[in-house]
Amino acid sequence: MYVQKILTKTPRGEAWMELLEMISGLFLALFIQVHILAVSNILFGAAAFDQKSHQMDEYFISHIAIFLVCVAILGHGLLAMRKAPWRVQEAQIVWRHSKLLRHDETWYWLVQIITGLAVLILAVIHIAGVLTDWPIQAVKSAARIQSGGFIFYLILIGIAQVHAFLGIYRIFIKWGWWPRKPIFKYLAYTAIAFSTFGVFTLFVFLLFISAGGA
Ligand code: HEM
């Protein structure tokens, strides 16, 4: 709002920021789903997980992905937060209008701001934890998940998926690509399916992978 006014002096500048915000958001939403599938490689056992991780290191896939994701998180975070009601007065107005209007889309926007900030903080903690314990190995991942990481990842999966799928829903609505109700339903089902798979993977790490030598 106030920050948005300072940053964008022309409609063309604003349109570019909107486009970059959308592209970085779609990239991150897709990354989270691919990431859940990649981590689920543990279902084939610790050796298969370590082999894939080693291969990705060898061809620098992990390094490139980490770099791109960090740039996307930073860019998307900054671009999206420019529209947030940073001043107390703005926040009060948004809150009053949300209650008054009883308009789902306005509430979704508020949910986006709150979950976006939470994902930013949790993802930074998570990436830092993995990077400072390189290389990625099943024993190390199991140790993290078994020593408190389980709850952390449950929260991260939930919040990241709500943020990703609500973000995609808002893009569909903004561009009028699909009728509201069916697209909300399809996106919600997809989010639930991927999240369930992620939680299942977490249980495998928690219960079946030895943290003290695979
Ligand atoms: C790009 C850098 C990233 C790397 C190298 C990475 C690596 C990993 C690894 C190795 C695990 C297994 C558990 C562990 O070792 O702690 C994991 C799990 C997880 N990561 Fe990441 N991660 C990255 C980014 C992200 C981001 C940006 C998010 C979400 C915003 C995310 C969300 C999760 C979640 C939810 C799990 C649990 C997945 C499941 O149960 O299937 N990660 N990550």
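In this predicted model, the largest nonpolar core comprises 20 residues. The members that touch the most other members are I32, I145, A160, A164, F165 and F205. Helices α2, α7 and α8 each supply at least two residues of this core. The greatest contribution comes from α7, which gives eleven residues. For A164, one of the core residues named above, the contacts beyond its neighbours within four places in sequence are with A29 and I32.

Both A29 and I32 also appear among the buried residues of α2, together with E21, S24, G25 and L28. The cover over these buried α2 positions includes α4 and α7. Helix α2 runs from residue 11 to residue 39. Its 29 residues should span 42 Å at 1.5 Å a residue, and the C-alpha atoms at its ends are 42 Å apart, so the expected and modelled spans agree. A38 is also placed in helix α2. A38 is classed as partly exposed because 19 other C-beta atoms lie within 10 Å, whereas a buried residue requires 20 or more. The C-alpha atoms of A38 and K52 are 8.9 Å apart, with a separation of 14 residues in sequence.

The shell around the ligand contains 25 residues, of which V39, V69, S141, G198 and T201 come nearest. Two or more residues of this shell are given by each of α2, α4, α6, α7 and α8 (180-208). As in the nonpolar core, where α7 gives the most, α7 gives the most to the ligand shell, here with eight residues. Divided by class, the shell around the ligand has 17 nonpolar residues, seven polar residues and one charged residue.

At the level of the whole chain, the model has eight helices and zero strands. The order of elements from the N terminus is accordingly written α-α-α-α-α-α-α-α. Along the principal axes, the C-alpha atoms fill a box of roughly 55 × 35 × 35 Å. The chain has 214 residues, and 18% of them are buried. Among contacts between residues at least 6 apart in sequence, 81% join residues at least 24 apart.

Two backbone features occur in loops. Most residues other than glycine have a negative phi, and most peptide bonds are trans. F60 is not a glycine, yet has a positive phi of about 60°. This residue lies in the loop between α3 (46-58) and α4 (61-81). F60 counts as exposed because there are 10 C-beta neighbours inside 10 Å, and the exposed class extends to 12 or fewer. The second feature is the peptide bond from W134 to P135, which is cis, with omega near 0°. P135 is found in the loop between α6 (104-131) and α7 (138-175). Helix α7, which follows this loop, is also the element that gives eleven residues to the largest nonpolar core and eight residues to the shell around the ligand.

Technical notes:
Residues are numbered from 1 along each chain as its sequence is written. This is a predicted model: local features need pLDDT of at least 70, side-chain atom pairs count only at pLDDT 80 or more; totals for chains, interfaces and linings use all residues. Helices (H or I, at least four residues) and strands (E, at least two) are DSSP runs, numbered from the N terminus. Two residues are in contact if their C-beta atoms, placed from the backbone, lie within 7 Å. A residue is near a molecule or strand if its C-beta atom, placed from the backbone, lies within 6 Å of it. Ala, Val, Leu, Ile, Met, Phe, Trp, Tyr, Cys and Pro count as nonpolar, Asp, Glu, Lys and Arg as charged, and the others, Gly among them, as polar. The expected span of a helix is 1.5 Å times one less than its number of residues. A nonpolar core is a set of buried Ala, Val, Leu, Ile, Met, Phe, Trp, Tyr and Cys residues joined through C-beta atoms within 7 Å.
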